[in-house]
Amino acid sequence: MQERALARSHQSVVNFELQDADSLADLLNQRFAPVRIEPFKSSDRFTMSGTYGVVAGIDFSRSVVKGEFKLIPQRHYDGVFFFFPTAGNMVVHQHRDSFASSPTAAVAAEGMASRSVDFLSDHAFCGVVIDRPLLTGRLSVLLDRPIVEKPIFQPSIDMGSGGASALRSLVMCITSPEFGPQLNRASLTADRIREALVDLVLETWPNTHSDILHRPPPMIAPQHVKLALDFIHAHAELLPSGTELANLSGVSLRSLQAGFQRFVGVSIGAYQRQIRLERARADLFRNPTASIEVIALRWGFTNAGRFSRYFKAAYGLFPTELLRQKP
């Protein structure tokens with residue numbers, strides 16, 4: 001079994017066979033976060049086999065499971081788990097809600113919200129796990145702006161939908177005996193696969209940013225919205241309120257709020273935060289030795305810890321990590 005080597009790998013695709021639940025727990029502990037596995041029946045014999053791959057921030061697999069068990073996270077993992085069952089059933093328990101997955105329904109499970117996952121009956125599935133920072137960072141690139149609110153995915157979708165079917169087909173392809181082993185020797189191809197999986201998830205699995213991603217080219221904003229946008233860009237550090245911007249633009253606050261939602265796609269406050277984050281990020285690039293706290297305060301973030309969290313949510317990494325990446 002190659003699970004230990006795989007757990008430490010940046011890029012790898014292996015065939016695997018597990019003979020007990022402890023082996024699965026060990027693999028998941030190393031790849032994601034500690035879990036506990038409880039068989040529904042003490043007499044159940046657990047086995048799991050298939051193909052498992054890792055490509056920098058993404059895990060994907062095609063697996064067959066014998067036996068019924070409950071998987072209980074002992075610590076939450078900041079990622080999203082996408083399951084496409086081909087046989088059997090699975091139930092994901094998140095907060096107070098539960099979502100059933102079957103060959104006719106795919107499920108997206110939030111790692112930070114999952115209470116447990118039930119694997120019921122003999123089970124076969126394809127799966128993709130994507131780190132939350134990777135999703136956020138890619139979304140920021142696609143929309144050409146920082147992401148203030150992380151994408152939240154619809155918990156369950158019909159496997160008959162084009163998106164779910166395409167995702168499952170792609171995972172089946174990259175875990176096939178003909179294709180999978182080639183990824184171990186093809187780093188450029190692996191990078192394209194990673195990008196294709198992330199983009200396909202963001203574009204086809206319904207989420208809170210779907211409307212923006214699928215929106216046609218922007219309409220010409222009316223004059224009052226342009227005036228507010230120009231003022232925000234010219235005076236980002238002043239933090240004007242929505243009421244002040246509305247007075248400046250000569251309309252009511254409600255009219256300006258509606259204009260932002262229609263023509264900009266976000267609220268007034270969210271757009272101001274985007275611009276301030278962009279300015280702070282530019283300052284960090286220009287002054288890599290400057291104090292993060294000073295730059296945060298310059299752009300209206302009075303709490304450095306909160307600024308760092310906003311920054312990571314927008315760009316997929318903390319300000320300190322951004323500075324470490326600079327040559």
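The secondary structure of the protein chain amounts to 13 helices and 10 strands in what is a predicted model. Along its principal axes, the C-alpha trace of the chain spans about 70 × 45 × 35 Å. Of the 327 residues, 49% count as buried, and the chain exposes about 15,900 Å², of which carbon and sulfur atoms supply 52%. Among the contacts in the chain with a separation of 6 or more, 70% are accounted for by residues 24 or more positions apart. With respect to charge, the mean positions of the 35 positive and 31 negative charges lie 5 Å apart.

A group of polar side chains links strands β5 and β6 with Asp 118. His 93 is found in strand β6, which comprises residues 79–94, and its relative accessible area is 14%, below the 20% limit, so that His 93 is classed as buried. The side chain of His 93 is joined to that of Asp 118 by a polar contact of 2.9 Å. Lys 70, which lies in strand β5 (residues 69–73), also has its side chain joined to the side chain of Asp 118, in this case by a polar contact of 2.7 Å. When neighbours within four places in sequence are left aside, His 93 is in contact with Lys 70, Ser 98, Ala 113, Ser 114, Arg 115, Ser 116 and Asp 118. With neighbours within four places likewise set aside, the contacts of Lys 70 comprise Arg 36, Ile 37, Glu 38, Phe 40, His 93, Ser 116, Val 117 and Asp 118.

Val 117, which appears among the contacts of Lys 70, lies in strand β9 (residues 114–131). The relative accessible area of Val 117 is 9%, and because this value falls under 20%, the residue counts as buried. Not counting residues up to four places away in sequence, Val 117 touches Phe 69, Lys 70 and Leu 71, together with Met 90, Val 91 and Val 92. By C-alpha positions, Val 117 and Val 201 are 21 Å apart in space, with their places 84 residues apart in sequence.

Lys 66 is found in strand β4, which covers residues 58–66. At 40% relative accessibility, a value between the 20% and 50% limits, Lys 66 is therefore assigned to the partly exposed class. The C-alpha atom of Lys 66 is separated by 6.5 Å from that of His 123, although the two residues are 57 residues apart along the chain. With residues up to four places away in sequence not counted, Lys 66 touches Arg 45, Phe 46, Thr 47 and Asp 122.

Thr 208 is found in the loop between α5 (187–204) and α6 (210–213). Its C-alpha atom is separated by 5.4 Å from that of Pro 151, a residue 57 positions away along the chain. Not counting residues up to four places away in sequence, Thr 208 touches Lys 150, Pro 151 and Ile 152, and the side chain of Thr 208 reaches the backbone nitrogen of Ile 152 at 2.9 Å. The side chain of Thr 208 also makes a polar contact of 3.5 Å with the side chain of His 209.

In the loop between α7 and α8 is Leu 239, for which the model gives a positive phi of about 55° although the residue is not a glycine. Most residues other than glycine have a negative phi. At 40% relative accessibility, which lies between 20% and 50%, Leu 239 is therefore counted as partly exposed.

Helix α8 (residues 242–249) has Leu 245, Ala 246 and Ser 249 as its buried residues. Because these residues cover an arc of only 100° around the axis, they are placed on the same side of α8. The buried residues of α8 pack against three helices, namely α7 (223–234), α9 (253–263) and α10 (268–286). Just after α8, a positive phi of about 80° is taken by Gly 250.

Definitions and conventions: Residues numbered from 1 in each chain as written. Heavy atoms only, no water. Helix = DSSP H or I, 4+ residues; strand = E, 2+ residues; numbered from the N terminus. Buried < 20%, exposed > 50% of the residue type's maximum accessible area, 1.4 Å probe, protein only. Polar contact = N/O pair within 3.5 Å; in protein donor to acceptor, adjacent residues only side chain to side chain. Contact = heavy atoms within 4.5 Å. Areas by Shrake-Rupley, 256 points an atom, 1.4 Å probe, with all protein chains shown as cover. Lys, Arg positive; Asp, Glu negative; His and termini not counted. Charge placed at Lys NZ, Arg CZ, Asp CG, Glu CD. Arc of directions from axis to C-beta.
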